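Student: I would like to learn how to read a few features of a structure with some care. Could we go through them one at a time?

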Amino acid sequence: MSNQTAVAAPPGSGPAEHRRGSPISGDWVRRNGVYLALIVLVILNIVITPHFVTTSNLRLQLIQTAPTLIVALGMAMVIGTGGIDLSVGSVMALAAAVMPLYLGYGTLTGVAIAMLCGAASGFLVGTLVSRVGLQPIVATLAILVGGRGLANVIGGQIKNLNDPGLRSLGLGSFLGVPYTVLVAAVMLLVVGFLVRRTTFGRGMEAIGGNRRAATLAGLPVNRILVTTYVVSGVLAAIAGILLAARSQASDPRTLGLLMELNAIAAVVIGGTPLTGGRIRVLGTLAGALLMQLITSTLVAHNIADSIAQMTQAVVIVGAVYVQLGRKTS
Amino acid sequence: MPSSPLQTVDVSAAASVLEVTGVTKQFAGIKALTDVSFSVAPGSIHALVGENGAGKSTLIKVLTGVYQPDAGEIRYRGEPVSFSRPSDAQDVGISTVYQEISLVPLLSVARNVFLGREPRNRLGLIDVRAMNRDAQRITADLGIEVDVTQDVGRLGLGVQQMIALARAMTINARTVIMDEPTSSLEIREVETLFSVARRLRDDGVGIVFVSHRLDELWQLCDAITILRDGEVVHRGQMADLDRRELVSHMLGREIAEGVRERESASISTGDADAAAPVLSVRGLRAHRRLHGIDLDVRPGEIVGLAGLLGSGRSETVKAIYGDLASDADTIDVEGTAIRRNSIPAALDAGIALLSEDRKAEGIIPDLSVRDNIVLAVLDQVSRWGVISDAKVDELVDTFIKRLRIKVSSPQQLVSELSGGNQQKVLIARWLCTKPKVFLLDEPTRGIDVGAKQEVASVIDELAEKGLAVLMISSETEELVDTSDKVVVLHEGSVNDRLSGSDLTHSRLLAALVAPTIHDLQDEVAS
Amino acid sequence: GCTNEGGGGTDGSNEATSDSTVDTSQQVRDADVGEGEGCTIDDYGVEAIELEGAKVGFSQSEPDSASFRAAETQSIRDAAAEVGAELIVTNANNELPKQINDIQDMLNQGIDILVVAPVNSDGLDPALQAAQDQGVPVVTIDRKVTNESCSDYLAFLGSDFVEQGERAADALADITDGEANVAILLGPSGNNVTDGRANGFKERVAAEYPDITIVAEQTANASRSEGQEVTAQLLQSNPEIDAIYAFNDEEGLGAMTAITEAGMVPGEDVVIVSIDGTRNAVEAIVAGTYNAVIESNPRFGPLVFETLQRFYDGEAIPEDIIIEDGEYTQENAEEQLGRAF
Amino acid sequence: MKTTTDLGSVTSEKVEVTAAVVSRRERSARFAQRNGALLVLLGLGLVMSLTFDSFGTASNLSQIAQQASFYSLLALGMTFVIFTGGIDLSVGSVFALGGVLGAWGASHNPLLGLVLPLAVCGLFGLVQGTIVARTAVPAFIVTLAGLLFARGLLLVLTDEGAITFKVPEGSWFLTLAQGSFLGLGYTVWLAVLLFAAGMLVQYRTSYGSTLLAIGGQPLAADLMGLPVARSKMIAYTASGMLAGLAGALTASYTASGVTTLGVGLELTAISAVVLGGTALMGGSGSVLGSLVGMLLLQVIANLINRLGLTDSNWQAVVNGAVLIVVATAQIYLSRVQARPRKAIG
Ligand SMILES: Nc1ncnc2c1ncn2[C@@H]1O[C@H](COP(=O)(O)OP(=O)(O)OP(=O)(O)O)[C@@H](O)[C@H]1O
Ligand SMILES: Nc1ncnc2c1ncn2[C@@H]1O[C@H](COP(=O)(O)OP(=O)(O)OP(=O)(O)O)[C@@H](O)[C@H]1O
Ligand SMILES: [Mg+2]
Ligand SMILES: [Mg+2]
């Protein structure tokens, strides 16, 4: 019974050597699922949608993606810290509602004050989340509900914006690239830089990964959180301004309605985990493009609202499933 | 099958309760278990050992239905079984205490003990009173005095560990599996646990026991299986093995253990005592936990902080670090008082804290080793908030080399490292801050002998360079071996101070278990 | 400093009644008394009261951020003030259950008369029932309910949505000489005004205008920016589109911007016809970038109180009091601008 | 030796005394936290009945209860889903779907009007629950898709919303929500019953503890051998069924299957749950609180009507503000009982 056998293990057979098999493994598909889905959808459109590959159409796709992308970038940062920002749609409306009140002092003033509105709302949320300790979803839910109400109270009925500055911002372009798209591109670069290269970006991911550890490591957790929500608020305000400029009107009732859900979907489809700790900027771009492309495909094919909504539902879940797969354990 | 010569050897084939053969388990390219066979006999305690990442926990999870094996067979009482989830294993009578404490923090102790198996009344509803009563009895049996209606999350790790054990006890099990149950326990609780385990064994229960505290194995276990890199490298009777053999099986190499000869001569002599303390704490108080603690740590000194479960050791270091609301007459670092009770203030003063809960309070799992190391010094490796890769690389390379952290690259996710290496990453994180005072809370908890050795030597080295170290450990031998002085806490007050020739294992044990009379008198007086 | 005049462009609703020479009041087109006997105070079974000093409840359906709603509420307020009635206003925010709630709440506050702009044609039963139990006469405006007239409610005052759609089809055919590829921008799905306006349009086109083709039908949720986004996409995928029929002015105005954005001239390259009569849209017609708007007159106030007065005077009130909606075209828009809301 | 034991007994006594004092304070803080919304509700109710004559009347109060009864069912289902650390954004659409199915069903057979929404919406919840339990797709995304899908389904059933099914007059289906007992509508009694059952489930069944365990520590729940996947599936199914039931009852109340119902209702339900003191990340909370939260929202709506703030947007502003105030109060109250740790983990 008491046999004792000692066998030396074959040398150098550590688990590290069995790492990552072929490049196109399930893992690879997962990490790049959003790009694959995007490519599939583009190819599908090229095949089935008439007039898809025209400059004007591609340009339109970019223009219509821009607001979602800008909001989604802020959302990705917030989600990266382990939070969520349901307030973005209402902040867009709020910014757009406030802007016309100050356009009399010049386009820049109006735009700046609208952005300030976004910053203020972000500051409020950030403070509630970091210092008071509210759950992000609760704090931003309150702003989602109350912010739109406030926007309606302030803004009243839809207002035409007859401001040449805003007109060119909304409808003009630079070297053939619409300003809206330029702004979105700049925001993409800025957020990419913040996330990848700065202490702030590292701090956000650290807080999302393990807030307690980040606190113990002496990171200025509260300051980072407040900044993150402020950035998200400002980005939402910018999206609101762009949308208002493009439609030449400020409509607090409908502007940015359901944007929070679109943006969250874009972020999650883009591969940023909803649990925080990692921020994928390029993925978010792909996610936003994907969301836009779904909508435009459905409209282009004149799909009835009922079927359109159901299709959207299936594509969203499918795209996320491709990346996350089955529950592991 | 023929690939392993071990296949032919079976320690207790005749009467094993739980048996696995040829189990292989792979995680996204990482082979955690390769053709492992293992069996537990009824009425015996079976040690399962191996270095960090050897696959012990994975094997246990395969045994209990948490993971499905890629290959291999599990037999329970001779019948082939397949557990598709943990409840399947529980239902047939396998009770498990997992390594990560698996309790629900926001539920009461009693609910945690009975979750899923609560006593019912005639209507089929939970009989809350009976449940609380039973839970109170069971925890009292285990020597834990808690209000069972209290939420588990507000108890310390050690108490939680005992509650997890209480839960495992209430399942009328034929097999009990315990994955590192003692890692956060104190001698007294360890003794309780051992007596419970022995009683179960005598009742014919088969027990699997995992621990990195090797001495415990000889005290408790009958048989042993050693894993290395996911393969069984040894299997036999405990008594047939000596410590040196065991370690060499585990690590695949020999290490010189217990021959630590720290050059602490200068410290125990009078002139070190004369040196001004780096850290000086007077009258440290925290609401209902700490009642006026005085401490001095001089340069180059390692002061041990001992105490029983809940004696307030962790609280003490957290209070010094500003993580716990507290007030003190003074906390001085190199003679300068820290004004504010806050983490940034403590960090600025040159204090670093290696927390006891590596997973919850230490690593940021989704960040790389590199980012984890520089986390506390982001300000120093950046300009205008923009991180300088060059500076980071330099710092990270230095520490990976200096602490011999085993990584495939600095970009590897820290969550992929073994426990010991994660601990070194955290030590590196704090060393980057060039601390003057290093507070170490259970620095060797849950890491294997090899890593323990390395961590210990890093600590020694630090002390030699003049750092002041305050170290908590539940392993009294380790404390005696490593420290120059030991401060013993009891219910939030200093109970005894041992140094020089007083600092022996038996004196420490005595001081831990029996609070001295004058201490009690103090308490009454106050 | 360029928006102050333009920015105020939509504020017209409140002052429209005062500053214009145009007649903005509603004209009854079809009072229908002849064929049925109508509903008298005895039929209805309530006590006659004086309008002066009466407590009137008005349950508005949608937020006043829509100009139609703002004009409607304001008109009721003005008319109530005129006759000296006390008015309580609630707003259901587009939620049917809230409207039921609001009405019952006002009944609890002891109103004598109830005016409702229903959120939905169906489903107000409990509220109407409660009003009946308390002997409070109910007048519904702008949207008819499917309940029993002269028992659940007194009368309906408003437009005929199907007819509005038909008239839009006529207007569009008129402008395009009966030949067009039309994209329809629908209202919010599930809303019965959406269906009325769309069906009226489609049926008229099918019956009368064989050369009008309906290319696409997409919802734009009564919103300007959605109108713009959807139109922008439709123009890309269906370059043949040369006319837009929009559920309301907001969608139409969004379409107008989208057409400009696509490098075309709205009103010329692509014809736009919509329903409502908001000031923004009528101004666009004046500017030549919009083609026609079928009016849906929101100023129910005077007519409501006049009807109630007649009711209390013992006259028979017809079930449906259909108002005469105007039409804004490039010919009359300038002079009729004051009528827009 | 003797001294030691004596002293020992003295110390232990002292410890017990402090423990008792502290636990009393903790208990009252805990009570205030769990019942913060109730306190606000009672306070507001008192102020309103003193200010407005028409508030405290039986008919007004019973009507508030009536109105709250429908939405409270959604909040009930939502509470259980949130216990598991999940969320159900689909309830608004499922509520509308239930209404349409109920009206359609009742136009054939009253029983069908009740069974059909329960079955279909329950199945809908089950599908969502299965995806949440079996895949790694977060509940937020699954039920967001559910929100779209259910609305789409409803539009398919009603020819893009063009058809509104009517419940035939005289059908007993109508009495479900229109009838009353002791001055309170049947639906109020039903809600009371269901909430009582919900409380029993939370406090007196394994299932309730299991849900909280899943939300509190998913891994632990798994390792403890609790039926995690099944419990989640049941919670989402229940949420779907309750939303469908609420829809069907609304169909009975309004005698029709209104297609535009329930837009944004998920936010109302979530707000009620939050006001009731349930943690949105799961693991702790109270079923009863959700009912109180919903009542509070209804009373606020009632207040706004009475204040004559015709701009209905103030309603939203006040709701948002109340949400922040109550949630903040709960945080501070729960800090009183938490152990003195400084940094928020
Ligand atoms: N869920 C998982 N996914 C990927 N890899 C895993 C997973 N669980 C374990 N591993 C890997 O499998 C190997 C064995 O891990 P295991 O936890 O069994 O080690 P262990 O022997 O219990 O170590 P320790 O003593 O540190 O507890 C390690 O390399 C580990 O990184
Ligand atoms: N009165 C009390 N109420 C609740 N918990 C208590 C009480 N007294 C002690 N404890 C428990 O004991 C622990 C004491 O703190 P601390 O962690 O500092 O002790 P320790 O000596 O480091 O022991 P451990 O091994 O548990 O870390 C607390 O975390 C708590 O769980
Ligand atoms: Mg392990
Ligand atoms: Mg400790």
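Tutor: Let us begin with a helix pair, keeping in mind that this model is predicted. The crossing of helix 5 of chain A with helix 6 of chain A is right-handed, and the two helices, spanning residues 107–132 and 136–155, pack at an angle of about 145° with their axes 9 Å apart.

Student: Which residues of helix 5 of chain A and helix 6 of chain A meet?

Tutor: From helix 5 of chain A come A:Ser121, A:Leu124, A:Val125, A:Leu128 and A:Val129, and they meet A:Pro136, A:Ala139, A:Thr140 and A:Ile143 of helix 6 of chain A.

Student: Where do the buried residues of helix 2 of chain A lie around the axis?

Tutor: Burial is judged by relative accessible area, with under 20% taken as buried. In helix 2 of chain A the buried residues are A:Gly33, A:Val34, A:Leu38, A:Leu41 and A:Asn45. Because they cover an arc of only 135° around the axis, they are on the same side of helix 2 of chain A. The face turned away from that buried side carries the exposed residues A:Val40 and A:Val47.

Student: Which residues coordinate the magnesium ion (ligand 4)?

Tutor: The magnesium ion is coordinated by B:Ser314 through OG and by B:Glu356 through OE, at 1.9 to 2.7 Å. This pair links distant parts of the chain, 42 residues apart: B:Ser314 belongs to helix 11 of chain B, whereas B:Glu356 sits in the loop between strand 16 and helix 13 of chain B.

Student: Is B:Ser314 buried or exposed?

Tutor: B:Ser314 counts as buried, because its relative accessibility is 15%.

Key:
Residues are numbered from 1 along each chain as its sequence is written. Chains are lettered from A and ligands numbered from 1 in the order in which they are written. This is a predicted model: local features need pLDDT of at least 70, side-chain atom pairs count only at pLDDT 80 or more; totals for chains, interfaces and linings use all residues. Side-chain values use heavy atoms; hydrogens and water are left out. Donors are N, O and S atoms within 2.8 Å of the metal (3.2 Å for Na, K and Ca); water is not among the atoms, so sites may look incomplete. Helices (H or I, at least four residues) and strands (E, at least two) are DSSP runs, numbered from the N terminus. Buried means under 20% relative accessible area, exposed over 50%, partly exposed in between (1.4 Å probe, protein chains only). The arc is that of the directions from the helix axis to the C-beta atoms. Axes are lines fitted to C-alpha atoms, for helices over the stretch in contact, and angles run from 0 to 180 degrees between N-to-C directions. A crossing is left-handed if the near helix is turned anticlockwise from the far one by less than a right angle, and right-handed if clockwise. Contact means heavy atoms within 4.5 Å.
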